[in-house]
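Grab a pencil and open the viewer. Here are a few short exercises, each followed by a worked solution.

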Amino acid sequence: MTEPFVLRPMEEADILEVAAIEDVSALPQRSLEARKKDLSSERNRGVVLESGGLVVGLGSLWLAPDEAHVTSLAVSKEMRRRGHGRRLVWALVALAEFSGSAAITLECRASNGPAQKLYRGLGFEGVGERRHYYIDGEDATILTRKLGGAGVGG
Ligand SMILES: CC(C)(COP(=O)(O)OP(=O)(O)OC[C@H]1O[C@@H](n2cnc3c(N)ncnc32)[C@H](O)[C@@H]1OP(=O)(O)O)[C@@H](O)C(=O)NCCC(=O)NCCS
């Protein structure tokens with residue numbers, strides 16, 4: 001029987017699995033201490049997608065006063081192209097909306113076609129770029145989606 005997929009809040013016990021998926025997805029790495037600090041912040045929102053006791057996807061947000069910022073999104077390589085990325089983005093949009101954010105925004109590598117297609121397909125629009133944003137010099141595309149809130153305050 002296929003194991004069900006469960007979406008739940010990210011916990012400290014998930015950190016190593018989350019870091020491993022981000023690492024193979026070529027996403028920026030942070031120290032375990034920085035990850036723990038983020039998880040304990042009231043401005044942080046993180047979710048993991050779990051199946052058979054294993055984390056297979058993750059998404060996280062930082063609630064800035066004016067908008068929610070997507071800080072990470074990844075699906076394990078063997079679980080891609082099954083709609084999990086889309087579900088994780090919807091979860092982040094819902095979390096941002098419930099938190100009263102006026103918009104949800106992220107930076108994405110200019111060359112990351114799959115992620116841009118995913119976000120644009122869910123109503124995000126390109127609003128600019130940050131030149132040489134990444135450590136290797138690549139530009140970032142800024143994508144945003146307006147939400148119903150008025151901002152979460154300082
Ligand atoms: C981006 C990522 C999260 C997508 O996860 P996923 O579970 O494969 O995505 P989904 O199956 O939900 O795909 C949703 C849509 O995104 C687009 N998409 C996703 N992967 C794609 C690919 N490799 N090529 C083209 N389009 C793609 C398609 O429009 C797809 O819809 P479709 O399957 O109906 O055509 C995944 O590829 C990943 O973890 N990449 C590495 C980390 C990363 O780039 N994170 C984003 C940083 S900004």
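**Exercise 1: a look at helix H3**

List the buried residues of H3.

*Solution.* Keep in mind that you're looking at a predicted model. Buried here means under 20% relative accessible area. With that cut-off, H3 gives you His84, Gly85, Leu88, Val89, Ala91, Leu92, Val93 and Ala96. Now for some background: an α-helix has 3.6 residues a turn, so residues three or four places apart point the same way.

**Exercise 2: checking a length**

Work out what span helix H3 should have, and compare it with the model.

*Solution.* Start with the residues: H3 runs over 84-98, which is 15 residues. At 1.5 Å a residue, the expected span is 21 Å. Next, check the end C-alpha atoms: they are 21 Å apart, so the two values agree. Just after H3 comes Gly100, with a positive phi of about 85°.

**Exercise 3: mapping the sheet**

In what order do the seven strands lie, and which strands stand at the edges?

*Solution.* Walk across the open sheet and you pass S1-S2-S3-S4-S5-S7-S6, with mixed pairing. S1 (5-9) and S6 (125-130) each have a single partner strand, so these two are the edges, and one side of each lacks a neighbour in the sheet. From one strand to the next, the twist averages 25°.

**Exercise 4: one pair and a helix**

How do S2 and S3 pair, and which strands does helix H1 touch?

*Solution.* S2 (residues 44-51) and S3 (residues 54-63) are antiparallel, joined over eight bridges. Helix H1 (residues 15-24) packs on the sheet against S2, S3 and S4 (68-75). Its direction makes about 90° with that of S3.

Methods: Residues numbered from 1 in each chain as written. Predicted model: local features only at pLDDT ≥ 70, side-chain atom pairs only at ≥ 80, totals over all residues. Heavy atoms only, no water. Helix = DSSP H or I, 4+ residues; strand = E, 2+ residues; numbered from the N terminus. Expected span 1.5 Å × (residues − 1). Buried < 20%, exposed > 50% of the residue type's maximum accessible area, 1.4 Å probe, protein only. Pairing = 2+ DSSP bridges. Axes fitted to C-alpha atoms, helices over the stretch in contact; angles between N-to-C directions. Contact = heavy atoms within 4.5 Å.
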